[in-house]
Amino acid sequence: MADPDCIFCKIVAGDIPATIVDEDERTLSFMDIAPATRGHALVIPRAHAPDLLSVDGEDLKAVALACRRLAGRAKERLEADGVNLINSCGAMAWQTVFHFHVHVIPRYEGDPLRLPWDPAPGDPEEIARAAQELART
Ligand code: 5GP
Ligand code: ZN
């Protein structure tokens, strides 16, 4: 179902323009208007769902497969050295458009992108406590 206030639903409907690079029955992929690197694309389900936690499972699978198609093309055709898939779930996690999407970001040797955290060994007890919560069914 479309959300009349959603910018990505408007792209799906063809009401606002987008540079489409891939599509299938369930998904649409188009270029990000503010690319992090050359070839940065967004993959979305055609059906509106605000985020990762609400997206239909079959749509999620279709989005994952579309991401893999684009990642392969980025390597083959844009000569990317690697690819990041990024999903932000919730405003605190940097989500700004609330129609589920995955960023497919080609990576190039020497590009300016950096990890947003400094990897450092964690406290094993705290890791174990968090793991207990995550594993609880
Ligand atoms: P988020 O911040 O939610 O993870 O990602 C939203 C992305 O959508 C941003 O990278 C932003 O540049 C992109 N974006 C926002 N509005 C539009 C638009 O109208 N067209 C396109 N192609 N991308 C958009
Ligand atoms: Zn939408």
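This briefing describes the overall fold of a predicted protein model and the surroundings of its ligand 1. Local features rest on pLDDT of at least 70 and side-chain atom pairs on pLDDT 80 or more, while totals for chains, interfaces and linings use all residues. Residues are numbered from 1 along each chain as its sequence is written, chains are lettered from A and ligands numbered from 1 in the order in which they are written, and side-chain values use heavy atoms, with hydrogens and water left out.

**Overall fold**
- The protein contains three helices and five strands, taken as DSSP runs (helices H or I of at least four residues, strands E of at least two, numbered from the N terminus), and their order along the sequence is α-β-β-β-α-β-β-α.
- The C-alpha trace spans about 50 × 40 × 25 Å along its principal axes.

**Shell around ligand 1**
- Ligand 1 is surrounded by 16 residues (a heavy atom within 4 Å), and the closest are Met31, Asp32, Thr96, His101 and His103.
- At least two shell residues come from each of α1 (7-13) and β2 (27-31), and α1 gives the largest share, three residues.

**Polar contacts of ligand 1**
- Polar contacts here are pairs of N or O atoms within 3.5 Å; one joins a nitrogen atom of ligand 1 to a polar backbone atom of Met31 at 2.8 Å.
- Oxygen atoms of ligand 1 also take part, with a polar backbone atom of Val97 at 3.0 Å and a polar side-chain atom of His103 at 2.8 Å.

Definitions and conventions: A polar contact is a pair of N or O atoms within 3.5 Å; within protein, one must be able to donate a hydrogen and the other to accept it, and residues adjacent in sequence count only if both atoms are side-chain atoms.
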